[in-house]
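Open the model in your viewer and keep the selection tool at hand. The stops below go from the whole chain to single strands and residues.

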Amino acid sequence: YSCENSASAMRPILLKGHDGPLTCVRYSKDGDLLFTTCRRGRINLWYSDDGERIGTFASAGAKSAAVMYVDVNFNTTQLASASMDQTARLWDVETGKKISEFELQAGSRCVSIASGDKMLAVVQDPYQDQQSCVRIFDVTSNKEIKKIDMDYGCPKANRALFGPLNKKLIVVNEGGGLLGYDVASGECEVERCDNEMEIPDLSFSHDQMTFIVACKDHTATLYDTHSMEPIKKYQSDRPINSAAMSPLMDHVILGGGQDAAAVTTTAGRSGKFEAMFYHKIYETEIGKVKGHFGPINSTSFNPDGRSFTTGSEDGYVRICHFDPEYFSYDQ
């Protein structure tokens, strides 16, 4: 299935609510809301069905620092954000007001709300002679309950997400490393390095039984959550910045492209900025969806599996609703 060749090509909804490169696109658990963030410090909220903008999350008087990641709880009542102004914040989704703020010693790259909404994991960048670390806070008291330091000389962590039942914390870093920590003890139980370059993103399947990591070495790898053993590997021809799995079909979407530093001298087609679809089982590429004129930094499937969203370095968000032919695709 290719948007380029289809007679009734998908018509994406183009959202322009950011004035800087996109860093994260995230659906609510029900799939009716879409959260987007950018390097200019704005968190926008949209209706995912028609792209209507609902509002913006912003602190009164706060400076605009890059927001790198957001996570929303199961009931879509609270939103957590990771920012480069040395804070992580918790927001009320309905009112847009800030609930609490967690002070850090350096910028934050990722937040993860634990099941049950009692804990918040925050990835903190290296600071002076301190290594990158994951700090776990109690949401009700705003107090830190655990700090997991990366080993000395270990590359900077990019993502840290709670696994099923909050028993495991899965961490990926700039050196291509994949780490599994026991949340209760803080001990590293699994350490792998299956990739040669930076892993910028990690995302779970809808049931959290598997997860997929995107890597700059032109690959994305599917892992079993329990054993953290690789299951499938998807080979592409470009650096991959983000990957996501369809909850409805056996499909994987990969997004990336030529590095942002060299984009100004590159045409959209030669920069390889399309969203690529792969068959999850057979590892074969089955289609591409073009449109962005900068590398894709974040991708996400709607939990109902009937649409997907990409956020790019070009400052645009594209919501694509699948045509009926997609669901009758002969696998």
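**The whole chain**

Begin with everything shown as a cartoon: the protein has 1 helix and 28 strands. The model is a predicted one. Its radius of gyration is 19 Å, close to the 20 Å that the globule rule gives for 331 residues, so the protein is as compact as a globular protein of that length. Along the principal axes, the C-alpha atoms fill a box of roughly 55 × 40 × 40 Å.

Now switch on the surface. The accessible surface comes to about 14,200 Å², and 47% of it belongs to carbon and sulfur atoms. Of the 331 residues, 56% are buried.

**Strands β7, β8 and β9**

Select residues 87-92, which are strand β8. How many of its 6 residues are buried? The count is 5, so to speak of β8 as mostly covered is fair.

Add residues 78-83, strand β7, which pairs with β8 in the antiparallel sense over 5 bridges. The two strands form a hairpin with 3 residues between them, and Gln-86 in the turn has a positive phi of about 65°.

Next add residues 98-103, strand β9, which runs antiparallel to β8 and is joined to it by 5 bridges. The hairpin of β8 and β9 has 5 residues between the strands, and there Gly-96 takes a positive phi near 80°.

Now click on Arg-89 in β8. Ser-81 stands opposite Arg-89, and in β9 the bridge partner of Arg-89 is Glu-101.

**The cores**

Hide the cartoon and show side chains. The largest nonpolar core holds 55 residues, and those touching the most other members are Phe-35, Leu-79, Val-134, Met-150, Leu-169 and Phe-211. Strand β11, residues 119-124, gives the largest share of this core, with 5 residues.

Centre the view on Phe-35. Beyond its neighbours within four places in sequence, Phe-35 is in contact with residues including Cys-24, Leu-45, Phe-57, Val-72, Leu-79 and Val-93. Apart from the largest core lies another, of 14 residues, among them Met-10, Met-249, Phe-301 and Cys-320.

**An open sheet**

For the last stop, select the 4 strands of an open antiparallel sheet, in the order β1-β28-β27-β26. Which strands stand at the edges? They are β1 (13-15) and β26 (296-301); each has a single partner strand, so one side of each is left without a neighbour in the sheet. Neighbouring strands here are turned by 15° against each other on average, direction ignored.

Finally, zoom in on β26 and β27 (residues 307-312), which run antiparallel and are joined by 5 bridges. Ser-300 stands opposite Thr-309 in β27.

Definitions and conventions:
Residues are numbered from 1 along each chain as its sequence is written. This is a predicted model: local features need pLDDT of at least 70, side-chain atom pairs count only at pLDDT 80 or more; totals for chains, interfaces and linings use all residues. Side-chain values use heavy atoms; hydrogens and water are left out. A nonpolar core is a set of buried Ala, Val, Leu, Ile, Met, Phe, Trp, Tyr and Cys residues joined through side-chain atoms within 4.5 Å. Buried means under 20% relative accessible area, exposed over 50%, partly exposed in between (1.4 Å probe, protein chains only). Contact means heavy atoms within 4.5 Å. Two strands pair if DSSP finds at least two bridges between them. Axes are lines fitted to C-alpha atoms, for helices over the stretch in contact, and angles run from 0 to 180 degrees between N-to-C directions. The radius of gyration is taken over C-alpha atoms; the globule rule is 2.2 Å times the number of residues to the power 0.38. Accessible areas come from the Shrake-Rupley method with a 1.4 Å probe; for residues, only the protein chains shown count as cover.
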